[in-house]
Amino acid sequence: MRLQARNEVTSVIIDGSELRYLFPENPQARYAKLEFIEDEDSNQIMPSRGSSLNPFPGKSRDVSLIPPALLIASVLNFVNGRYGGGKGGTVAIVGGNWYSEMLAEGMLHCLSSEAKVYLISSKAAAPLKEVEGGPELTIINVNDEEKRFVDIIGDFDVLLDCVGDEGEMREADEYGVLAQLRNDFNLGTYISTQTAGQKMVVDGGVWNGGQEAKQYTQEVVDARPTSPETLTSRAFLSTYNGNTFQTVMEKLRKNGVKSKATFKNGVYYRGSDLQLLWEGTTWPRDSEGVNVRFGFPVPKDLGAKRGVRWDAGGGAEGKEEEEGEEDIEVAEEEEEEEEEREFDVGVPEVDIANKPTSSSATKLPTPKTAAAANVKTVKNMDDMRGEILDAEKSAVLFLSAPFCKTCKYLAPQYSRMAKLTESAGGGVDFVKISVVGDEAKEVSRWLGVEAVPTFVFFKEGQRIGEPVTTTKLNKKSKVQKGVNILAKGGEGFEWDLEDDD
């Protein structure tokens with residue numbers, strides 16, 4: 001329905017973590033309901049009350065672009081403060097949902113050519129148009145990577161999280177994910193776009209949380225508008241690359257960027273969004289014994305870098321020390337206990353017979369990852385001959401695939417096992433192959449392996465024992481037992497091929 005000039009109004013809701021970032025002077029506010037009127041005479045959208053939001057060209061439906069435009073303008077303002085002159089900056093956006101892709105598209109139109117934008121997701125991303133004179137765009141699918149996206153990117157300025165919220169414990173946890181991002185990756189600002197309704201569903205579940213979110217939505221739709229003059233947003237100060245909030249709005253409109261916000265009774269809002277909830281639930285977790293999304297740094301990494309000993313409860317004792325053999329043994333035992341809880345869950349094997357590659361959906365470049373220093377990588381039978389068979393090496397071969405989440409869980413444990421074996425005297429090579437592609441599948445067929453993850457052993461270039469499929473790599477696992485026997489010469493290479501102890 002068309003709005004009458006200066007008669008009917010359209011509102012937009014900003015709430016949740018986004019509200020706390022955009023309007024830091026109002027930490028107690030649950031939401032902001034901003035009200036606008038379409039002025040048909042001037043073809044402009046006018047705030048219904050006085051505020052820092054100047055009129056801007058558009059129609060009432062463009063009100064739905066205000067939250068992402070405010071967020072983009074705030075990011076530009078922050079990057080400008082770091083670099084000056086409106087150039088440069090590295091922005092990482094986490095999520096494969098419509099909101100993350102909309103923010104990425106907006107960044108491409110507003111950041112300079114010296115800047116970099118990373119879109120990180122757990123699925124094939126939607127194709128985004130390249131912008132002439134805009135920043136470099138790299139898409140990272142965490143299911144295709146063994147390396148964390150933070151290690152691929154290195155230092156970056158802004159992290160927009162459209163899947164979860166790591167900011168919940170930003171003040172309480174000085175050794176948490178955000179602390180490590182700031183200390184080790186020079187992160188300047190972290191912004192979660194999780195709405196209040198989404199958080200209710202995450203905390204309370206689809207049924208109970210969904211009911212709470214439904215009541216909350218009705219509350220904000222029926223609520224009186226927030227007085228805009230009481231809100232002070234950092235977004236209005238942006239001058240990056242010639243952009244202000246108004247120019248960001250205009251670029252989003254002109255380039256056809258669309259919001260999929262829900263519209264009800266004249267109000268635009270982002271609700272509980274089950275697509276985002278599903279993405280957060282299915283995002284692979286890190287294998288280091290903590291519930292952290294794969295790609296983010298885990299808290300105990302920070303403790304290790306600072307020389308802080310981590311106790312069995314997962315906390316830090318807060319004292320620096322030189323870790324001796326006894327301390328290493330204790331740490332390993334604690335790791336094993338965590339691994340038992342994390343991986344002994346009967347994760348199903350993955351059929352590799354006809355599994356397609358998962359990165360073919362995007363033509364944009366994705367970074368290549370380097371193999372762990374203690375693990376060799378082979379790609380085909382020629383590599384197998386060179387590294388193991390003709391070389392007459394004693395080795396363990398890890399067959400994995402980028403689409404296998406269990407393989408991703410095991411990869412850092414396998415690297416750690418290789419490192420510990422080498423430091424203990426070696427004698428066993430650790431080799432890995434991704435069984436994707438015709439040449440790699442030739443290796444799996446030759447070995448008779450039809451599922452991943454699978455481990456195959458070799459003694460002096462000759463295959464030995466049966467393939468082992470497992471979901472854990474602790475000291476009691478069959479893989480570790482096999483490595484121990486090979487390191488001692490390989491005599492008596494037999495063990496129970498039932499489940500691990």
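Helix α2 covers residues 66-83, and its 18 residues reach 26 Å from the first C-alpha to the last, close to the 26 Å expected at 1.5 Å a residue. Keep in mind that this is a predicted model. Most of α2 is covered, with 14 of its 18 residues buried.

Now for the strands around β19. Strand β19 takes in residues 454-459, and five of its six residues are buried. It has β16 (residues 395-400) as an antiparallel partner, over five bridges, and here Phe 398 sits opposite Phe 455 of β19. β19 also runs antiparallel to β20 (residues 462-468), joined to it by four bridges. In that pairing, Phe 457 faces Ile 464 of β20. β19 and β20 make a hairpin with just two residues between them, and Glu 460 in the turn has a positive phi of about 50°.

Just ahead of β19 there's a cis peptide bond between Val 452 and Pro 453, with omega at about 0°. Pro 453 belongs to the loop between β18 (451-452) and β19.

Two loop residues other than glycine also have a positive phi:

| Residue | Phi | Loop | Relative accessibility |
|---|---|---|---|
| Asn 265 | near 50° | between β10 (262-264) and β11 (267-269) | 60% |
| Glu 392 | near 55° | between α11 (381-389) and β16 | 58% |

So how do these two score, buried or exposed? Asn 265 counts as exposed because its relative accessibility is 60%, and the cut-off for exposed is over 50%. Glu 392 is exposed as well, at 58%. The loop holding Glu 392 ends at β16, which is the strand that pairs with β19.

Notes: Residues are numbered from 1 along each chain as its sequence is written. This is a predicted model: local features need pLDDT of at least 70, side-chain atom pairs count only at pLDDT 80 or more; totals for chains, interfaces and linings use all residues. Side-chain values use heavy atoms; hydrogens and water are left out. Buried means under 20% relative accessible area, exposed over 50%, partly exposed in between (1.4 Å probe, protein chains only). Two strands pair if DSSP finds at least two bridges between them. The expected span of a helix is 1.5 Å times one less than its number of residues.
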